Amino acid sequence: MCLGIPGKVIEIYDVDGTLMSKVDFNGVVQEVCLATTPEAEIGQFVLVHAGFSLNVLSDQEATETLKILKELEAFNKEYFGEDASLS
Amino acid sequence: MSEQYPSLEGPQCPMPLSHDEQIVIGHGSGGVKTHELIKNVFQKHLGNAILNLGNDAALLQFGPEIPDGKNLVVSTDAHIVSPLFFNGGDIGRLSICGTVNDVSMLGAIPKFLTATFILEEGFSINSLEKILLSMKTAADEADVKIVAADTKVTEKGKSDGLFISTSGIGWVDSDLTINGASAKVGDAVLLSGPIGNHGIAVAEARGNLGFQSQIRSDVAPLNGMIAELIKAVPETHVLRDPTRGGLATTLVEIAKQSQVTIKIVEELIPIDQDVRSACDLLGLDPLYMANEGKLIAIVPAEDAPDALKALHAHKYGREAVQIGVVVEESSGQLLFKTPLGTTRRLDMLAGEMLPRIC
Amino acid sequence: MSKTSINPESIRHTKTIIQEIRRITTKPWNIMEICGGQTHAIMEYGLDQLLPEEITLIHGPGCPVCVTSLEIIEQALQIASLSNVIFTSFGDMLRVPGNKQDLFSIRAQGGDVRVVYSPMDSVKIAQQNQDKQVVFFGVGFETTVPSIAASILHAEKNGVRNFSVLPANVLVPPAMHAILQSPGNRVNAFLAAGHVCAIMGYQEYEPIAARYQTPIVVSGFDPFDLALGILMCVRQLESGHAKVENGYPRYVTRKGNKAAQAMIEKVFEVVDRQWRGIGLIPSSGLGMRPEYKGFDATERFDIEFHELSESPLCIAGSVLRGVAKPIDCPAFGKVCTPSHPLGAPMVSGEGACAAYYRYHKVN
């Protein structure tokens with residue numbers, strides 16, 4: 001159950017007691033319920049699915065996955081040369 | 001003593017209301033109301049010398065109206081789009097452009113259109129006038145005339161506001177063989193611009209998507225651009241507009257008609273960023289979304305640069321690009337190269353495209 | 001202006017990862033993804049074509065549309081046929097066949113069946129149609145549950161009494177147990193569904209990895225995320241490890257989204273559930289807590305619960321468990337196609353059969 005798209009929170013407000021927001025996806029603005037991520041702030045990216053925010057984008061990715069990549073790239077360069085691409 | 005007498009101006013007996021604002025069943029009866037509707041609303045916007053003669057049919061003569069020595073091309077289309085008005089267009093513009101484009105896709109010059117209007121009782125005449133005006137604007141841009149028309153009125157609830165059906169007549173040089181079966185191995189496959197805009201604009205206009213965007217339908221008459229293209233590249237093999245079913249379905253149709261394998265490359269297909277986001281949000285695939293102002297042109301490889309130049313010079317083809325090639329003869333299939341370099345097959349749209357949540 | 005769906009840098013990274021997978025794979029491994037969205041992405045990008053031959057990707061029961069039981073579908077059809085009901089659902093449920101009909105046929109017969117993109121839309125429809133009963137078809141894995149719970153809480157807060165939900169949610173961990181315990185099991189490692197884990201975290205997978213000695217890697221949905229997840233699985237398999245790792249740290253943490261989990265806890269409780277094509281999996285579904293039974297469509301409407309049977313030709317069960325591929329099915333592509341589906345995996349956009357039919361390799 002997966003079709004989640006990241007978008008940027010541009011406005012936060014209340015509708016009948018429930019936390020709502022406007023989220024911008026490259027020019028398409030959707031009303032998204034933030035009740036599931038009440039800590040989200042304007043300017044942050046949230047993962048949106050079926051009109052609700054699943055989670056707030058974390059910076060963790062920058063450190064963990066890029067670390068793996070850097071190791072791999074260094075390794076490939078050493079063993080396969082600069083332009084080691086797949087056919 | 002002066003007495004105030006009534007001014008005796010205006011009607012003094014209860015005349016029937018003129019029903020200027022809404023369509024009533026009487027408008028479809030063929031009597032006075034019908035004639036008033038035709039004269040004051042339809043002819044006001046769509047009128048021309050032939051239509052205004054008021055005959056049951058239009059006489060088109062070889063010589064004055066149709067040049068000698070050409071083949072005739074005829075096309076017909078029905079329009080039931082809902083809602084009637086959307087960002088970038090409406091059912092009126094769609095009905096003119098749809099038929100103009102269909103005729104042009106055989107390389108023909110469209111000239112004469114017919115139009116049938118099925119109106120629902122209660123439909124706003126103000127809306128009807130807006131739509132007719134839109135049709136006139138599109139017809140003028142395409143340089144076509146509506147020479148025969150008809151209108152009927154259904155009871156409330158028996159139709160959906162307004163349905164329009166249009167037919168178009170044009171002519172084409174007898175030595176041109178532009179059709180779906182003419183693609184040849186080695187040909188370049190060109191697309192005139194970004195896809196998916198019309199499908200999203202209409203979906204958004206329905207108002208239940210919970211999002212707003214600036215996405216506009218691309219609905220446009222392409223006959224002008226096609227004339228320029230054929231002038232530059234008379235050897236054009238195939239022209240088709242990717243309407244219902246989208247780019248993928250249309251290319252599969254052509255592949256089967258021509259009995260070839262067509263291969264297109266994902267990175268080359270233009271899609272506007274906001275259209276892509278809208279499709280992602282809705283779980284829809286832009287390759288299968290309808291377009292009403294785009295064309296696919298399949299031309300000999302050596303003519304591709306000239307073809308693109310002709311398209312770029314026209315306002316509806318500024319973003320034209322080559323998206324693939326005709327690879328080999330086969331029973332007809334469409335291949336798609338992904339950004340990872342892998343290849344997969346694309347099929348026609350099966351049934352209705354349902355938004356997915358996974 | 002127009003750009004492609006993945007940026008060139010990401011493509012480069014993906015190829016680097018795949019190169020590494022090829023380098024380190026020495027034995028045959030079967031890796032299962034339990035998420036329809038991941039199946040879809042793998043097929044859409046042809047990722048399986050780039051992996052070394054030793055690696056086989058098995059597509060698990062990750063499509064909630066496919067696994068919703070025939071009984072619940074029949075309940076949905078009955079409710080949708082009622083004249084005072086507006087039946088709302090995610091789009092991909094509309095074509096799933098019940099015994100004889102689907103929601104499309106109910107609509108064609110005059111039923112008010114509407115596609116919505118969010119359960120909140122259904123609550124709005126209920127507020128705008130006070131004289132009707134509005135029902136939302138609560139299908140999905142854990143990912144949609146907080147949205148459904150939040151919508152129920154919103155309806156409760158605002159006194160929207162004519163709204164109810166037909167509960168059909170299913171849970172991933174029990175499915176993994178069922179697969180790993182089944183006699184024909186060939187799965188060596190799992191890619192866990194990234195967005196399910198964004199909500200639930202991944203600590204509930206740790207006992208599974210330990211008990212069955214099976215590596216589980218939380219993965220995302222674009223080619224890079226999937227390739228990375230596969231690499232992490234293969235590294236564990238080749239070195240004999242079996243733990244839970246997080247390959248999608250930008251949205252997933254070990255404990256997950258606490259606010260969302262609290263909402264689920266408030267409204268729902270774990271129940272046994274039938275999985276179409278598989279059978280009963282204990283404690284694998286969610287039903288409403290007693291305090292929220294007022295929003296339960298099965299309580300509100302008087303409907304019957306029948307025993308039903310599937311087409312004998314459809315081998316959906318084996319496909320969903322990963323013991324058969326769609327192409328092993330005698331009906332695949334002949335009697336059973338997307339326009340005339342016999343079983344659920346051919347109907348849904350992410351069902352394995354539909355994915356195979358649309359995206360199958362070119363050679």
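These legends go with close-up views of a predicted model.

**View 1. Chain A from one end to the other.** Start with the overall layout: chain A has one helix and five strands. If you walk along the chain from the N terminus, the elements come in the order β-β-β-β-β-α. How much of chain A is buried? Of its 87 residues, 36% are buried. Now look at the contacts in chain A with a separation of 6 or more: residues 24 or more positions apart make up 27% of them.

**View 2. The hairpin of β4 and β5 in chain A.** Here we zoom in on strand β4 (residues 45–49) and its partner β5 of chain A, which run antiparallel and are joined by four bridges. Which residue stands opposite His49(A)? In β5(A), that place goes to Phe52(A). The hairpin has two residues between the strands, and Ala50(A) takes a positive phi near 50°.

**View 3. Strand β5 of chain A and its surroundings.** Stay with β5(A), which covers residues 52–56. Why can we call this strand largely enclosed by the rest of the structure? Because five of its five residues are buried. Remember that "buried" here means that 20 or more other C-beta atoms lie within 10 Å of a residue's own.

**View 4. Where chain A touches chain B.** On this view, 14 residues of chain A are in contact with 16 residues of chain B. Strand β3 (residues 28–33) gives the largest share of chain A's side, namely four residues. Sort that side of chain A by class and you get nine nonpolar, four polar and one charged residues.

**View 5. Strands pairing across two chains.** Look at β3(A) again, this time next to strand β8 (residues 211–212) of chain B: two bridges join them, and they run antiparallel. Which residue of β8(B) is the bridge partner of Gln30(A)? It is Phe211(B).

**View 6. Inside the largest nonpolar core.** This core has 248 residues, and those touching the most other members are Leu251(B), Ile31(C) and Ala192(C). Helix α12 (residues 223–239) of chain C supplies the largest share of the core, with ten residues. As background, nonpolar side chains tend to be buried together in soluble globular proteins.

**View 7. Around Ala192 of chain C.** Let's pick out Ala192(C), one of the core residues that touch the most other members. What is Ala192(C) in contact with, once its neighbours within four places in sequence are left aside? Its contacts include Ile34(C), Cys197(C), Tyr202(C) and Tyr205(C). Also on the list are Ile216(C), Val217(C), Val218(C) and Ser219(C).

Methods. Residues numbered from 1 in each chain as written. Chains lettered and ligands numbered in written order. Predicted model: local features only at pLDDT ≥ 70, side-chain atom pairs only at ≥ 80, totals over all residues. Core = buried A, V, L, I, M, F, W, Y, C linked by C-beta atoms within 7 Å. Buried ≥ 20, exposed ≤ 12 C-beta atoms within 10 Å, placed from the backbone. Contact = placed C-beta atoms within 7 Å. Nonpolar A, V, L, I, M, F, W, Y, C, P; charged D, E, K, R; others polar. Pairing = 2+ DSSP bridges.
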